Amino acid sequence: MNRSMRWLAPLFLLALARPVSAQVPAAMQFQGYLTDAKGAPLSDAHTMTFTLYDAAEGGTAVWTETKSAAVENGAFAVLLG
């Protein structure tokens, strides 16, 4: 291993040792499609609540955010976080 490579290896390992929380984004774009009970796409402004649970079933809510979004022909996009 040459001299410059000896410096790169510890720097690479140090980068891998960063806390996971340092890699979590502050915001996330989410897109979806809303329909009524008959499957027809919705339009207009709608208020939606997004919740993240700690388990797939029977979990506890660990994060919740309510957003109002413009829905056009069923499609919407929100920025969460």
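This passage walks through a pocket, a surface patch and a salt bridge in the structure above. The model is predicted, and the residue-by-residue picture can be followed along the sequence.

A good place to start is the largest pocket, which has a volume of about 290 Å³. Its lining is made up of 13 residues. Those that lie nearest the centre of the pocket are M28, L52, W63, L80 and G81. Three strands, β1 (28-33), β2 (44-53) and β3 (61-71), are the elements that each give two or more residues to this lining. Of the elements, β2 gives the most, with three residues. In chemical class, the lining has eleven nonpolar residues and two polar ones, while charged residues are absent from it.

L52 and W63 appear again on the outside of the protein. Together with V62, these residues form a nonpolar patch on the surface, and the accessible area of the three together is about 280 Å². V62 belongs to strand β3. This residue counts as exposed because its relative accessible area is 53%, and the cut-off for exposed is over 50%.

Charged side chains also meet in the model, where the count comes to one salt bridge. The partners are E65 and K67, and their closest N and O atoms are 3.4 Å apart. How buried or exposed is each partner? E65 has a relative accessible area of 14%, so E65 is buried, as the limit for that class is under 20%. K67, with a relative accessible area of 25%, is partly exposed.

Methods:
Residues numbered from 1 in each chain as written. Predicted model: local features only at pLDDT ≥ 70, side-chain atom pairs only at ≥ 80, totals over all residues. Heavy atoms only, no water. 1 Å grid on protein atoms, 1.4 Å probe; cavity = no way out; pocket = protein on both sides within 12 Å on 5 of 7 lines; lining within 4 Å. Points joined across faces, edges and corners; volume = space filled by probe spheres on them. Helix = DSSP H or I, 4+ residues; strand = E, 2+ residues; numbered from the N terminus. Nonpolar A, V, L, I, M, F, W, Y, C, P; charged D, E, K, R; others polar. Patch = residues over 30% accessible without salt bridge, like charges linked within 9 Å, V, L, I, M, F, W, Y side chains within 5 Å. Areas by Shrake-Rupley, 256 points an atom, 1.4 Å probe, with all protein chains shown as cover. Salt bridge = Lys/Arg side-chain N within 4 Å of Asp/Glu carboxyl O. Buried < 20%, exposed > 50% of the residue type's maximum accessible area, 1.4 Å probe, protein only.
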